[in-house]
Structures are given as structure tokens and as C-alpha cells.
Amino acid sequence: MPADLAVIGLGPYGLPLAKAAVAAGIPTLGYRTGPEAASLSPAELRRMLSGGFRHATSPAELGRVRTAVICAPTPRGADGGLDLSQVEAAARTLAARLRPHTTVILESPVPPGTTENVLRPLLEEGSGMVAGRDFHLAYSPSRIDPGNRDFTPTNTPKVIGGLTPACTESAAAFYGRLTDKVVRARGPREAETVQVLETNFRHVNIALVNEMAVLCHDMGVDLWDVIRCAETKPFGFHAFRPGPGVGGHAVPQDLTAHAGRTLRMVELAQQVNSQMPQYVVQRAAALLNEHGKSARGARILLLGVTYKPDLADQQSTPAEEVAVRLMRLGASLSYHDPHIPSWNILDRPVPRADSLYESAADADLTILLQQHRRYDLQGLSVKAQLLLDTRGATPTGAAHRL
């Protein structure tokens, strides 16, 4: 079966797009750009294969599709900015096979201007064609929220910004097959900046509530009750909740440096959020001291080491820094996570707790870092000698909360 769509990059952005396209009945070709962070269960892979998905065996197959979407990862580079090398490599691979009238869309998180200033020259040079005349070019920010059962690609509006009005309409026609609503931006830069705003909105608001958590603890105020009450306001407030740090693939981006300015709010948010693992360790040490124990030699059980509940993804999980800091204090660590069968910290395996309740009862301190659905938090709060809840998930009064 010939493919209608090529998804280039099968990581956290590309794989959900491929799954949505197959579910919409679009024959889809997947092309890997490197070791992908996302994975499929055998059952999911069988469903996709039966629905018209297949892996590309050769780059030449990229030249046989009507739409190509680049979803290559853009991790933070050594200079703190986004590393576009995989996007550039994907563009060169596609350009050598690009056919006239193909619609090329970029979904990777990138600085504003990347579609026009980086992707377009690579595609034009490698293909000998002109974007906006011989092929369509557009940007659409990825709005994937892994594990979210309420908002899916179907009911999440898709933003499109094309190089020309015709490019926008061609990309909109494609996404109209996947989603209920398409929103047209003025151009690629506006669409790219939508992604910047959405990502930074999350990080800045998480930083605010993380700072509130530290402040409220010092004042003896129950922040979780404050949030519960505040979120009843029907306007002007959106509830965020504190945690042990911020993980995931959406990197906070201060992308205005090239314009001679920086986003000070984003810089401050990064500072605040990056300090949360250390704060968790400080709280853990203080709790142990209050109960006549020292962190050195203490048996500490970490619950949930992924960056998000009910997923096996450990991208930038704050659990890693929490574990490193506790080890350096001399604590004896174990962990439990239903999605992570083994876990190494500082090149050493961390013992996995096979019996959750027995391990919690045996540990001097249990720290809930991620709230997986499988955890019976009421039962854990009864069994654990001492429980620090960094997610506010336990019943009121059942544990020490962040």
C-alpha cells in the first residue's frame, strides 16, 4: 500500500502523530531519525500495522508521499539553546527525494524563524525547487500531551502557519483529516512562537506555584488548600500544582536572545524549577532529623521515577537529581515504579522494591515523586513510617506535603 504521509522522527512528537494519522485512515510511513525516546507496545504496533503504518526501509521512500512532517527531536544543546542538528539532517534526507507539490511541515520545537531560515534553504538547495512555488512549506506546533485521555489529536485544535497562503491551506487540508479544528496563523514565525509561548506559559506558572510551595511551608500555610479554593474562581486563574521539578521533552525556551533581548520571566522560572529537587532533599533531611534520624544511612524509598504519571518516559525526570543528592548525603536508596523495571543512578543500579507495602514499612522515609494510578496512596500512608508527598496526592493529613 503506498503511503500518503511520511512522519520523519518517531519520538515523542512523531509517534503520536503517526498513531493519529493511522487512526484517521491515512496510510503512513515512519522514518526514524535516530534512537527514539517513545516506544510502542506490541499490541499498539500490531494495530498500527493493520491500519496502514509501516517503517521506511530506505530514505528513497520519502519521495513517494504527498505530505512529509518533520518531528525530529531538538534537545537542549551545550550552549543552553535547542540543538537543531537532527532537524537539519532530516531536512537534507528529505530534500534529496522531494517531489513537486509535496507538503512539508515542521512540528519539532524550534526557535522562531527556523522554518524560513534553516529548513527552507536546506530543502531548496537539496531539491533544486522553490518553497511556496514548487512545494508547500509550513510549521505546526506539536500539542501532544502524553497520557492525557481527555485531549487527543482529534479534539485538540491544530495551529498552522504556511510560507504562503497556499502553503497554509495545503497544510490545513492535511490536518483537517486528523483534527476537529484548524487554526491558521499569519505565517511560520507566528506558529513557531505559539509553541514558545505555550511551553513557557507552563514553565513560568509551575515556577510560581513551586515558589509558593516553599513560601507556604515556611509560613505554615496549606498551599494545597489554597489551590483548591483558588481554582473555584471562574476567571483569571488557572490551577498549577508544585512538584519535585519539571521534566519532559518541552524545554523552556528563551528564544529572543537573537533580537538583543531575553525573557527574564523564563530565566527566573528555570532557576526556580531547577532548584526543586534540592528543596525536596532538604525537606527529606529535615523530616528525618525531626524524627531523630540522619540522612546518612537512612533507608529511603522513592516512588515513581518517571517525569509524568502512568508513562514509562524518564526524559529529564527530577527523580534522577533527587536520587543523586540523596546518595551524596549517604542515604541507602530503593525505588518502586510500575513502569520502570530497572533504574541506574551514577552508573549504579538502584534496588527495586518488589513488595511495595513491605518496602514502605521498612523504609525510614518514603518519598512520592510521581503519582501513578496504581498507587493506593491511602494504604501507603498507613504502611509508611514517614511519607513525603511531593505531588499533593495523598489524603489530607495522611502525609507530609511539599
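Helices are DSSP runs of H or I with at least four residues, numbered from the N terminus. In this predicted model, Leu215 lies in one such run, helix H6, which covers residues 188-219. With a relative accessible area of 42%, Leu215 is partly exposed, because that class falls between the limits of 20% for buried and 50% for exposed residues. Together with Met219, Val221 and Val226, Leu215 makes a nonpolar surface patch of about 330 Å².

Helix H1, residues 14-23, presents another situation: seven of its 10 residues are buried, so the helix is largely enclosed by the rest of the structure. The buried positions are Gly14, Leu15, Leu17, Ala18, Ala20, Ala21 and Val22. They pack against strands S1 (5-8), S2 (28-31), S3 (53-55) and S4 (67-70), and also against helices H2 (42-50) and H5 (165-175). After H1 comes Gly25, which has a positive phi near 85°.

The interior may be considered next. The largest nonpolar core holds 35 residues, and those touching the most other members are Ile8, Ile70, Leu94, Val104, Leu123, Phe135 and Leu137. Two or more residues are given to this core by each of S1, S2, S4, helix H3 (85-95), strand S5 (103-106), helix H4 (114-127) and strand S6 (136-139). H3 supplies the largest share, five residues.

Leu137 illustrates the contacts of one core member. Apart from neighbours within four places in sequence, Leu137 is in contact with Val104, Thr115, Leu119, Arg120, Leu123, Ala131, Gly162, Leu163 and Cys167. A second, separate core comprises 31 residues, among them Val281, Ala284, Leu365 and Leu369.

Technical notes:
Residues numbered from 1 in each chain as written. Predicted model: local features only at pLDDT ≥ 70, side-chain atom pairs only at ≥ 80, totals over all residues. Heavy atoms only, no water. Patch = residues over 30% accessible without salt bridge, like charges linked within 9 Å, V, L, I, M, F, W, Y side chains within 5 Å. Areas by Shrake-Rupley, 256 points an atom, 1.4 Å probe, with all protein chains shown as cover. Salt bridge = Lys/Arg side-chain N within 4 Å of Asp/Glu carboxyl O. Buried < 20%, exposed > 50% of the residue type's maximum accessible area, 1.4 Å probe, protein only. Contact = heavy atoms within 4.5 Å. Core = buried A, V, L, I, M, F, W, Y, C linked by side-chain atoms within 4.5 Å.
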